[in-house]
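Biologist: Before we discuss pockets and burial, could you show me the model we are going to read together?

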Amino acid sequence: MELACGKGRVAIPLSQRGLSVTGIDYSQPMLDFARKKAREAQVEIELTLSDFRDFDLGRTFGSILLLSNALWHVHKRSDFEALMQGVQRHIERNRDSVYIQKIACGDPCKHYAGRRGMYQACSLQ
């Protein structure tokens with residue numbers, strides 16, 4: 001699953017490589033663009049309109065991605081905590097595949113270091 005998937009810049013290539021991809025984004029125009037690009041690329045991606053601070057897709061995923069500067073949209077610690085609660089609800093148990101990349105304003109992983117496994121796979125740039 002990719003949170004804040006936007007125009008599908010990452011989701012579409014992952015799907016082209018044979019992965020089953022679900023993306024969520026808060027912007028309907030971005031999702032519409034991603035759908036158009038996915039059709040052009042002849043791949044299927046499940047795209048859902050949702051706020052990544054409060055999402056529930058009713059299932060779990062082996063990996064969850066939060067890429068680029070999506071965390072610029074998280075302005076309060078309570079929003080970040082809500083986001084991480086959603087991630088915990090959606091990550092498969094006994095998995096530690098949560099990737100957060102290009103965080104411009106500090107390291108949120110340090111706030112959650114005590115939650116075993118959740119951030120062992122964090123890749124921060």
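Modeller: What follows goes from the fold to the pockets and then to one residue. This is a predicted model, in which local features need pLDDT of at least 70 and side-chain atom pairs count only at pLDDT 80 or more, while totals for chains, interfaces and linings use all residues. Residues are numbered from 1 along each chain as its sequence is written, and side-chain values use heavy atoms, with hydrogens and water left out.

Biologist: In which order do the elements of the chain run from the N terminus on?

Modeller: Helices (H or I, at least four residues) and strands (E, at least two) are DSSP runs, numbered from the N terminus. Here the order is β-α-β-α-β-β-α-β, giving three helices and five strands.

Biologist: How is empty space found, and what is the volume of the largest pocket?

Modeller: Rolling a probe the size of a water molecule over the atoms shows where empty space is left. The largest pocket has a volume of about 460 Å³, and among its 22 lining residues A4, G6, D25, A70 and H73 are the closest to its centre. A pocket is an open set of points on a 1 Å grid over the protein atoms alone, where a 1.4 Å probe fits, with protein on both sides within 12 Å along at least five of seven lines; lining residues have an atom within 4 Å of a point. The volume is the space filled by probe spheres set on the points, which are joined across faces, edges and corners.

Biologist: Is D79 buried or exposed?

Modeller: D79, in helix α3 (residues 77-90), counts as buried because its relative accessibility is 13%, where buried means under 20% relative accessible area with a 1.4 Å probe and protein chains only. Leaving aside neighbours within four places in sequence, D79 is in contact (heavy atoms within 4.5 Å) with R53 and V74.

Key
Buried < 20%, exposed > 50% of the residue type's maximum accessible area, 1.4 Å probe, protein only.
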